[in-house]
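Student: I have a model on screen and want to work through it with you. Where should we begin?

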Amino acid sequence: MQNRSDAKGQGCAKRVEIIRQGRIELPHPPPEGGALSTELLAREMNYTTTRIQSKGEAPMSNQWIRDITLAPSGKEKIDWVWHNMPVLKQIAADLEKDKPFAGRSILLCLHLEAKSACLGLAIQAGGAQVTMVASNPLSTQDDVCAAMAEAGLTVFARHGVNPEEYADSHRMALNAAVPDVYVDDGGDITALLHREYSPSLPKVIGGCEETTTGIQRLNAMAKDGALHIPVYAVNNARMKFLFDNRYGTGQSVWEAIMSATNLSVAGKTVVVAGYGWCGKGVALRAKGLGAQVIVTEIDPVNALEAWMDGFQVMTMEQAAPLGDYFITVTGVSDVINGKHMARMKDGALLANAGHFDVEISKPDLAASRSGPVRVKPGVDQYVGKDGKRLYLMGEGRLVNLACGFGHPAEVMDSSFAVQALTLLHLIRHQGALTNAVLPVPEEIDVRIAEIKLASAGLSIDCLTTEQEKYKESWII
Ligand SMILES: NC(=O)c1ccc[n+]([C@@H]2O[C@H](COP(=O)([O-])OP(=O)(O)OC[C@H]3O[C@@H](n4cnc5c(N)ncnc54)[C@H](O)[C@@H]3O)[C@@H](O)[C@H]2O)c1
């Protein structure tokens, strides 16, 4: 008979099986609870270098980037983050071996900085023709775009373009190739495909959406009967929102504000609008930095959660005269309007971390104030008739990307691993999926968590057979 403590239950066996028999086979399955093999890590460490060094692969005429000579600086950034993305590296190694994307055209619309480049290169390793476009003109890094172009990705993006050029860059990409599958961040590509490229929609197998706001738009399309392809809600996968939205936004928002302003957070009053997954992270980190934190909400449950977590809760009108820093992270427009601004202190600093630059009303800020005057990179000053100064960061766009480096590499490792495996899932299930907003299959979350734990050298317990029986029984 098996020793009671050694008898591992079905759940554990299933978890190990998911790793071993995943939809892409892992050539070196990580030992249960152990680290990745050194042989595989060594092979992976060379991965980016090899890709980026293969000059001349890119059809340079088919690129719309600022300056190809910036590539060496972009490559340095990519190499740095690549070595901190163990899950994506493992997936890239598997994709490189199996080439499941061979002959496929894949479009990635993301914040074009080093972590996104790593996803592009991983997908390219799987055999795809990869096109990269920006999901925000201010977060685009021209040197990273140059490095991606040099590595053979097709890139249509330049930092700081105007809204028309931004929309045109997406059209350039879709004119060059309508994708088989795509990743979107905010819903712009899904909307453009349906509005202007609908005759080509039957070619599109489906998409993946990265962020909360994009899913909000997809749900609105589905409700109107206007969504004609399957799109996976990657944002809603546990391995995405629990880490990316909460810890990624929490850290990178403060990193960006602190480095752009060189001001203290300790001792200040911080007002966080929205206590969703991002807002929880922003408030938690502000508290950790020594700030007094006020939360504003419209959802009674989330408001109570903020209160029980130890934060003050009030309306924006009440918070307006109290705050030194205001961070919006709601996915909703005009959260801070002219009425609130009129009540703010001299020197109050306004930053948005929600997807679109609509959460702080820029028209209201400009009305009856002089400015903007750029007083520091990423910081614009507006002065009212009473001499009161308000500061807007990153032109009201996602502050952590417009004024900083975005999420930590280890966090994007999980988010982009979900994207890579969901793209693969779409290809493998071509024609069998409903035209709807779909949840990412649970086994993708579990598999990524297992690889992440293994790469960190962490082990977890498994249910014994007895424990499984206990859980399933109603007689205690
Ligand atoms: N900066 C980043 O890197 C980053 C990362 C992930 C998501 N996002 C974006 O951040 C935004 C929020 O994402 P999330 O995942 O936290 O969403 P969420 O749905 O979990 O949370 C949003 C919260 O805002 C609250 N809210 C809505 N309107 C409000 C208002 N007028 N005043 C106060 N609170 C209000 C909602 O009740 C909810 O609790 C989205 O636009 C998302 O796309 C940004």
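Tutor: Begin with a definition: two strands pair if DSSP finds at least two bridges between them. Helices (H or I, at least four residues) and strands (E, at least two) are DSSP runs, numbered from the N terminus. This is a predicted model: local features need pLDDT of at least 70, side-chain atom pairs count only at pLDDT 80 or more, and totals for chains, interfaces and linings use all residues. Residues are numbered from 1 along each chain as its sequence is written.

Student: How many bridges join β7 to strand β10?

Tutor: Strand β10 covers residues 325–328 and runs parallel to β7. Within this pairing, Val270 has Tyr325 as its bridge partner. The number of bridges joining β7 to β10 is four.

Student: Which residue in β8 is the bridge partner of Thr269?

Tutor: β7 also pairs with strand β8 (residues 292–296), in the parallel sense and over five bridges. The partner of Thr269 there is Gln292.

Student: What is the hand of the β-α-β crossover from β7 to β8?

Tutor: The chain leaves β7, passes through α12 and arrives at β8. Point the strands away from you: a clockwise path from the first strand over the helix to the second counts as right-handed. This crossover is right-handed.

Student: Why is β7 largely enclosed by the rest of the structure?

Tutor: A residue is buried if 20 or more other C-beta atoms, placed from the backbone, lie within 10 Å of its own, exposed if 12 or fewer, and partly exposed in between. Strand β7 spans residues 269–273. It is largely enclosed because the buried residues number four of its five.

Student: Where does the ligand lie relative to the two domains?

Tutor: The bounds, from an automatic or database domain assignment, are 4–240 + 408–455 for domain 1 and 246–402 for domain 2. Both domains give residues to the shell around the ligand, so the ligand lies between them.

Student: Which of the 28 residues around the ligand come nearest?

Tutor: A residue is near the ligand if its C-beta atom, placed from the backbone, lies within 6 Å of it. Helices α10 (212–223), α11 (238–261) and α12 (277–288) each supply at least two shell residues. The nearest are Gly274, Gly276, Cys278, Asp299 and Gly331.

Student: Is Asp334 partly exposed or buried?

Tutor: Asp334 sits in the loop between β10 and α15 (338–343). Its phi is near 55 degrees, a positive value in a residue other than glycine. Asp334 has 14 C-beta neighbours inside 10 Å, so it counts as partly exposed.
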